[in-house]
Amino acid sequence: MSDDKWINVDKRSQKLVIRFHVKGFDKQFFIATGLKDTKRNREIVRSRRDAIATDIALQRFDSTLKSYQLLASKDSKFKPLEKTQANKYKYNILELWLKFTDFQSTLIEQTTILTKYEAITRYTSRLPDFSLEKATEIRDWLLKNTTKFMAFDILNNYNRCCNWAVNSKFIPDNPFEKLKIKKPKRKLEDNYQAFTLEQRDLIINAFEEHPVHFHYAPLIKFLFWTGCRPGEAFALTWGDISEDCCRISINKSCNLHRILKGTKNGKNRVFPTAKGSKLQQLLRTIRPDRANPKSLVFRSKNQKPLNNGILQNFWNESTSADYKGEIHRYPGVVKELVAKGKLDFYLKPYATRHTFATWAIACGVSLDKVALWIGDEVETVLRHYCHPNVVKSECPDF
C-alpha cells in the first residue's frame, strides 16, 4: 500500500497524520499522530496504518477511531506519550526501545537494525499500552496477538533493553526481568523440507508459463540448481561469473534494504557447473552481449534490484489496499499451484536451497562437497539433509 494515500504531513502542525476512506462511509477518516516526520516515526505510523487496514479487511473497523489513536486523550485507550507524576517510570517501553536501538546501532551491523530491531519497533508501536507499569499486560497481549516464538523473542529483547536502561539510569528497575517465557521449540520438519524433483520442475514450468511472473523463471531455476541463498542470488553480478559460465563466485549477499554484506557465515565459495549443463546454458542465455561486470544478474521486471519482499510477492502472495482501505490479495506462483491442487503442500522460497542439497546428496555427492557448494558446515548438512554413502567428483546435472 502507498504511503501517499494514507500518511502525510499536516501543513499546520507539521506532524504526521493518517487520512483514509472506508467502504460504506461517506466521510474521510483522519488521525493526528502527534509525531514528527522522521524515518522511525513513519515506521510507527505505518504499523498503525497496517492495523487499521487489517481491521477493515476483517470487518471489525472501529469507526470511532478510539482504538487507533497515538495521541493521549480522555477517550483513547492508546496513551503512549502520557506521563504523570504518579508514574514510577520516566520512559515507556517504546521510548526505551528507540533509545536502545540507537545505542545498538553503534555496535552491531546496520542490517540487524533494519531487520530485527525495526521489526520489534513495529510490533511495539502496536501495543495497546506502552507504560512499563503494564508490563504484564504487554506480555499477555504479545502471547495473544503474535506467535509463541515471536512473543518469546520480543520479551527477551525487552528484557535486554530494560537491563540496559537500568544500567544507563533511565529507569530504576526492569519490569520484564521476571516476565520472560520459555523458548518454544521450533518444528524442524517445517523449516527443512525439500520438493521432489517432479515438484521442482513443476514450479519451474509454472514460472516459465505464468502470464505475470514469467520474468522470474531464470532466478527460480538458478536457486533450484545451485542451492544458494536468495540474498546471494540478489547480489550476484556478471563479474562473479566466468566467461564460459562454468564458475560462479558467491562472495556477497544483500537484504531487504539492499545493504551489501558478506555471505551469511562469511564463507566465500566458487560453485562449479559442468559444460553443457542446464545451469551453464541458462547463464549463457540470459547474459548480455557486453555484460557490465558490476551489473546485477537478476533484477525485477521493472529492472530494480531484487529483495526478499519482491520474492515473497511472486512466490507466495502480494497484497495491496485501495484508497477505501479494501485489501486485495494476489497469489504468487507457488501458492497458486497449491490452491489448484497441483502441489500437495506449500514451502517457503528457502526450500529451493534444501531441495538442491537433498537431491545432490541423493545423487551421490559427498557431504563435504555439498557443504562446500552451498556454503555451510558439514555438521549442518548432516543434521538437515539425506546421508548417502556414494561419492561423485562432479556436480550432477540433475
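The paragraphs below go from the whole chain to a sheet, then to two helices and one leucine.

The model is predicted. Its chain has 398 residues, and buried residues make up 44% of them. The secondary structure consists of 16 helices and nine strands. Among contacts in the chain with a separation of 6 or more, 60% are made by residues that stand 24 or more positions apart. The accessible surface of the chain amounts to about 21,200 Å², and carbon and sulfur atoms account for 50% of that surface.

A place to begin is the sheet that includes β1. Strands of a sheet pair through backbone hydrogen bonds, in either a parallel or an antiparallel way. Here three strands form an open sheet in the order β1-β2-β3, and the pairing is antiparallel. The edges are taken by β1 (7-9) and β3 (29-36); each has a single partner strand, so one side of each is left without a neighbour in the sheet. Neighbouring strands in this sheet are turned by 30° against each other on average, with direction ignored.

Next, consider how β2 is joined to β3. Strand β2 covers residues 15-20, and its antiparallel pairing with β3 runs over five bridges. To find one residue pair in the model, start at Arg 19: its bridge partner in β3 is Phe 30. Helix α2, made of residues 39-57, lies across β1, β2 and β3, and it runs at about 15° to β2.

Further along the chain is helix α6, which holds residues 148-167. How far apart should the ends of its 20 residues be? At 1.5 Å a residue the helix should span 28 Å, and its end C-alpha atoms are 29 Å apart, which agrees. An α-helix has 3.6 residues a turn, so residues three or four places apart point the same way. The buried residues of α6 include Ala 151, Ile 154, Leu 155, Tyr 158, Cys 161, Cys 162 and Ala 165. Asp 153, Asn 157 and Asn 159 are also among the buried residues of α6, as are Phe 152 and Trp 164. Just after α6, Lys 169 takes a positive phi of about 70°.

The last stop is Leu 382, which is found in helix α16, residues 378-384. Is Leu 382 buried, partly exposed or exposed? Its relative accessible area is 40%, which lies between the cut-offs of 20% for buried and 50% for exposed, so Leu 382 is partly exposed. Leu 382 and Ala 371 are 11 residues apart in sequence, and their C-alpha atoms are 9.4 Å apart in space.

Technical notes
Residues numbered from 1 in each chain as written. Predicted model: local features only at pLDDT ≥ 70, side-chain atom pairs only at ≥ 80, totals over all residues. Heavy atoms only, no water. Pairing = 2+ DSSP bridges. Helix = DSSP H or I, 4+ residues; strand = E, 2+ residues; numbered from the N terminus. Axes fitted to C-alpha atoms, helices over the stretch in contact; angles between N-to-C directions. Contact = heavy atoms within 4.5 Å. Buried < 20%, exposed > 50% of the residue type's maximum accessible area, 1.4 Å probe, protein only. Areas by Shrake-Rupley, 256 points an atom, 1.4 Å probe, with all protein chains shown as cover. Expected span 1.5 Å × (residues − 1).
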